[in-house]
Number of protein chains: 2
Amino acid sequence: MRARPTIVTVAKRAGVAVSTVSRYLNGHYASPAVKARLATIIKELGYAPSWTARNLSFGRRGCIGVVVGSSRDPWFVEVFTGIEQELLARDTSLRLCSLDLRSARKPAIVLEWIRDRRIDGLIVVKSQRSERALLRAAVKEKLPTVTVAPQEILPMVQVVRCNDVAAGETAANYLVDLGHRQIGFVRGAPQATDSQLRLKGFRQGLAKRRICYDPRRVYCCGRSDEEAGSTFAKTFLKSPLQETALVLANDALALGFMTVARDRGIGIPQELSIVGFDGLPQGATSFPQLTTVAQPMREMGRAACGRLFEVIAELAPLETIELPMGLLPRGSSGPWSAMDRHWPTPRRPFRGNNLSLVLREH
Amino acid sequence: MRARPTIVTVAKRAGVAVSTVSRYLNGHYASPAVKARLATIIKELGYAPSWTARNLSFGRRGCIGVVVGSSRDPWFVEVFTGIEQELLARDTSLRLCSLDLRSARKPAIVLEWIRDRRIDGLIVVKSQRSERALLRAAVKEKLPTVTVAPQEILPMVQVVRCNDVAAGETAANYLVDLGHRQIGFVRGAPQATDSQLRLKGFRQGLAKRRICYDPRRVYCCGRSDEEAGSTFAKTFLKSPLQETALVLANDALALGFMTVARDRGIGIPQELSIVGFDGLPQGATSFPQLTTVAQPMREMGRAACGRLFEVIAELAPLETIELPMGLLPRGSSGPWSAMDRHWPTPRRPFRGNNLSLVLREH
DNA sequence: TTGTATGCGTTATCAG
DNA sequence: CTGATAACGCATACAA
């Protein structure tokens with residue numbers, strides 16, 4: 001079995017110089033005659049350029065790095081899909097590092113990537129305070145970097161994010177339109193920027209509609225994950241409901257909340273409407289399905305990756321890409337009329353809840 | 001700003017030949033004196049070898065390919081974590097291709113990876129019949145390849161899988177020990193090998209315990225995903241329960257089933273015990289938590305990747321790695337005593353199910 | 001133990 | 001339009 005053909009093999013066979021072949025391959029000038037000959041020879045030889053050699057010559061690595069808190073976070077999984085797509089199109093490979101397991105050595109590894117230029121660029125997803133060192137190193141080494149949905153505002157780096165403020169307003173408008181007046185807001189981790197911005201938008205929304213904003217209706221989970229939502233629900237549901245609707249800072253929280261609420265026999269949305277943010281796939285299979293203000297997660301991944309390559313190509317100016325979020329009205333939210341409050345809603349019957357069933361089977 | 005230092009820079013500065021530096025870097029022979037000098041020089045220069053050049057010299061690409069049906073499959077996400085870990089340790093990058101979106105061009109892209117040797121090796125996860133062309137091409141090109149949990153038996157390729165038969169038996173034993181005698185088995189997609197093997201083991205388990213195996217208790221969903229489980233539950237639960245326990249071919253099915261069952265007011269595990277397979281993380285947060293025979297998913301990813309590198313290093317003989325699955329007893333299954341059948345179990349009370357709560361809060 | 005020379009497969013420069 | 005030839009950065013026989 002012969003070794004793989006190289007550009008030299010092709011050149012010899014065609015009776016031309018390697019440089020000619022190279023030019024032909026890269027779409028530069030070559031006479032029609034040579035072009036035709038090379039085409040057939042390459043085909044019959046089954047020649048394919050060596051990506052490694054080509055990268056060496058170009059002075060690039062053909063590889064980018066992706067850093068994330070946890071590669072198992074459902075939100076990241078969606079974003080990652082977008083990155084994958086873009087990478088596939090650009091014929092670039094990837095190094096992935098999630099900081100959550102064996103976290104001790106992880107940041108050091110990424111620093112190596114950066115300092116040793118093992119990657120052409122870096123995407124940092126949902127970067128937290130703990131990732132600042134990485135970003136600083138990247139900036140210092142002039143390594144093209146873009147952050148996706150960063151959890152703190154950084155002045156010196158590319159950003160792809162969503163309009164969380166507008167999303168908060170969307171949630172408020174939606175619930176007010178449904179007739180709700182007592183609406184609670186449940187924050188996630190205190191530092192989480194998205195949670196803060198969504199609350200900000202929520203307040204703005206209420207203000208514009210001239211609905212009273214009651215700070216006592218703002219609750220706070222310590223973290224932003226599903227379990228935190230469940231934990232919150234357990235204490236929240238101990239006392240009688242003061243709200244007719246609850247906006248939770250993200251879908252994970254909302255899903256965790258709903259699981260417990262359902263078990264406690266709270267009728268959703270009959271007694272309590274629930275709205276989340278993000279648009280996780282789980283929200284479409286939960287019961288009831290979760291109303292949410294969704295982020296275009298895959299698109300965010302694509303945008304981040306696309307932007308990264310622009311920056312790699314020519315040092316592009318700092319820029320923030322802001323994508324819109326959109327309401328996804330589903331079963332966890334419903335109308336509220338003052339009338340219902342006089343005929344107090346019974347606990348949801350155990351079987352045969354028609355509304356719910358219809359929604360589920362839809 | 002100077003260009004990055006190369007091995008030549010180091011050599012000049014140290015007054016030695018590049019080959020000496022190279023040897024030092026690769027842990028070959030060098031006098032203590034030179035060693036010390038190089039060490040300090042490299043440190044103060046901040047020199048790091050070019051991975052691209054090194055790869056070119058080695059004739060490798062420093063990159064492997066991973067192909068999967070859907071990169072959003074929760075099971076894959078776990079396996080992928082293991083791959084990520086191993087890759088991190090081996091300083092290798094990755095090309096990922098999930099066949100589910102824009103699937104038209106996808107197989108062609110992977111074929112390019114294979115034919116053009118853009119990757120040093122290939123991992124195909126849960127390979128299906130549609131991936132046969134890829135495997136064939138890989139074998140033909142002598143590209144090191146390992147499949148993880150393949151859905152059909154292929155003679156010519158490395159395999160990392162679990163002992164599904166034993167797992168089926170484990171499930172049977174567990175439920176029989178709990179006192180169950182009417183146990184149903186719910187299969188997934190008809191072609192799914194794991195589903196078949198688990199059923200086989202299940203039957204063996206019953207036989208060894210001299211429990212009657214009733215073919216009428218074997219049901220079949222068309223597919224293997226969560227939605228299929230829900231759909232099955234809707235028809236299954238229309239008629240009165242004939243079983244005291246149900247083994248579903250995987251966790252996705254089981255979770256889908258439980259969602260509907262719970263909504264129908266079926267007491268799990270009071271009226272019906274549920275057991276799944278795989279050990280998805282969702283099973284730990286579902287309500288009740290799902291009893292399952294778990295696969296060491298992350299370990300499978302690690303093993304596959306580790307094995308792949310062995311094959312890359314020296315063409316290792318064909319081998320099948322079989323990992324053990326382990327029972328994870330949780331809240332969805334419970335004991336069944338004949339006595340209960342005479343005092344018919346009431347529907348699970350709506351609030352205050354202590355057993356479940358304890359498990360959840362654990 | 002160290003230095004010399006060559007190869008890895010491309011691209012780019014610069015004559016022709 | 002085409003052909004030598006020098007990078008690209010490193011590894012390794014082979015010779016010293």
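A residue counts as near a strand here if its C-beta atom, placed from the backbone, lies within 6 Å of that strand. Keep that in mind for the DNA views below, and remember that this is a predicted model.

**View 1. Around DNA strand C.** There are 27 residues around this strand, and A:Ile7, A:Ser19, A:Ser50, B:Ser19 and B:Ser31 come nearest. Both chains pitch in: α2 (18–25) and α4 (51–58) of chain A, along with α2 (18–25), α3 (32–45) and α4 of chain B, each supply at least two residues of the surface near DNA strand C. The largest share, five residues, belongs to α4(A). Sorted by class, this surface has 15 nonpolar, 11 polar and one charged residues.

**View 2. Around DNA strand D.** Now look at the other strand, D, with 26 residues around it. Coming nearest are A:Ala17, A:Ser19, A:Ser31, B:Ile7 and B:Ser19. Here α2 and α4 of chain A and α2 and α4 of chain B are the elements that each give at least two residues to the surface near DNA strand D. This time α2(B) has the largest share, with five residues. The class count for the surface near DNA strand D is 13 nonpolar, 11 polar and two charged.

**View 3. Where chain B touches chain A.** This contact draws 39 residues from chain B and 38 residues from chain A. On the chain B side, the elements giving two or more residues are α4 (51–58), α5 (74–90), β2 (93–98), α6 (106–115), α10 (226–236) and α11 (251–263). Among these, β2(B) gives the most, with six residues. The chain B side splits into 15 nonpolar, nine polar and 15 charged residues.

**View 4. Looking at the rotation axis.** Give chain B a turn of 180° and a shift of 0.1 Å along the axis, and it can be laid on chain A with an RMSD of 0.3 Å. The two copies are thus related as by a two-fold rotation axis. The same surface serves both copies, since 95% of the contact residues of chain B recur in chain A. Which residue of chain B comes closest to the rotation axis? That's B:Leu94, with its C-alpha at 2.5 Å.

**View 5. The buried residues of α10(B).** Zoom in on this helix and you'll find B:Glu226, B:Ala228, B:Gly229, B:Ser230, B:Phe232, B:Ala233 and B:Phe236 buried. What do the buried residues of α10(B) pack against? Their partners are α12 (282–285) of chain A, together with β6 (183–187), β7 (218–220), β8 (245–248) and α11 of chain B.

Conventions. Residues are numbered from 1 along each chain as its sequence is written. Chains are lettered from A and ligands numbered from 1 in the order in which they are written. This is a predicted model: local features need pLDDT of at least 70, side-chain atom pairs count only at pLDDT 80 or more; totals for chains, interfaces and linings use all residues. Two residues are in contact if their C-beta atoms, placed from the backbone, lie within 7 Å. Helices (H or I, at least four residues) and strands (E, at least two) are DSSP runs, numbered from the N terminus. Ala, Val, Leu, Ile, Met, Phe, Trp, Tyr, Cys and Pro count as nonpolar, Asp, Glu, Lys and Arg as charged, and the others, Gly among them, as polar. Copies are superposed by least squares on the C-alpha atoms of residues with pLDDT of at least 70 in both. A residue is buried if 20 or more other C-beta atoms lie within 10 Å of its own, exposed if 12 or fewer, and partly exposed in between; C-beta atoms are placed from the backbone.
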